[in-house]
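Hi,

Here is the structure I said I would pass on. Have a look at it first, and then my notes below.

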Amino acid sequence: MRKIGWLVLVLLLIPALVLGACSRVEPPQEPPVQSEDPVTPQEPAEPDDVREHVRLYFGNANADAVVAEIREIIYPENITREDYLTLVLTELAAGPEREDLFPTIPEGVKVLSLTVQDDLVVVDFSEEMTINHWGGAAGESMTLNSIANTLTEFEDVKRVMLTVEGETMLLEHILLDEPLERNPQMIGE
């Protein structure tokens, strides 16, 4: 009888020990921290990075004016003036974020070089500027006014000369052999 008592006790203890080992209690984990405002842009990657708002000009629905869109850019604090303006043009080439505005720089266009000479900025674009351009006098006007008005937003820039692959820019209706200036008459709301 005593052996049966021990056997019953062992048979009762084994499941209790197994269940106890399987149901080990883990310490509570803290929930992942979530941003209170999911739309807030990510912090700069480097402590010396600068955030700045710039005004980029895109075409309106009627292709009779360029309209400003404010865009935040992030750049290294020690960036050259040329690289900074190239970054601004890269943002312009990326197209508008607003649905009521339209791109003014054809897809695939790259800034090959940009130089600053006193108050003149000379920009040399890749051949996609002419190959991929949609044409038409209104479209060409949107492109030129978009670039000139975007770059002349900066006080030290008064004139903008545009070239393609080192040559004078030739679009369907325009041979651009002189620098452009700000054109406030083409700025819409």
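Before anything else, keep in mind that this is a predicted model. What caught my eye at the start was the contacts: among those in the chain with a separation of 6 or more, 61% are between residues 24 or more positions apart.

On the secondary structure, I get 4 helices and 9 strands, and the order along the sequence is α-β-β-α-β-β-α-α-β-β-β-β-β.

As for the surface, the accessible area of the chain is about 12500 Å², with 55% of that belonging to carbon and sulfur atoms. Of the 189 residues, 32% count as buried.

Now the inside. The largest nonpolar core has 32 residues, and Phe125, Ile147, Leu151, Leu162 and Met169 are the ones with the most contacts within it. Two or more residues each come from strand 1 (49–59), strand 2 (66–76), helix 2 (81–93), strand 4 (120–125), helix 4 (137–151) and strand 5 (159–164). Helix 2 is the top contributor, giving 5 residues.

Leu151 is a good place to zoom in. Leaving out residues up to four places away in sequence, Leu151 touches Leu85 and Leu89, along with four valines: Val121, Val123, Val157 and Val160.

There is also a second core, separate from the big one, made up of 5 residues. Tyr57, Ala68, Met142 and Met186 are among them.

That's what I have so far. Shout if you want to go through it together.

Cheers

Notes: Residues are numbered from 1 along each chain as its sequence is written. This is a predicted model: local features need pLDDT of at least 70, side-chain atom pairs count only at pLDDT 80 or more; totals for chains, interfaces and linings use all residues. Side-chain values use heavy atoms; hydrogens and water are left out. Buried means under 20% relative accessible area, exposed over 50%, partly exposed in between (1.4 Å probe, protein chains only). Contact means heavy atoms within 4.5 Å. Accessible areas come from the Shrake-Rupley method with a 1.4 Å probe; for residues, only the protein chains shown count as cover. A nonpolar core is a set of buried Ala, Val, Leu, Ile, Met, Phe, Trp, Tyr and Cys residues joined through side-chain atoms within 4.5 Å.
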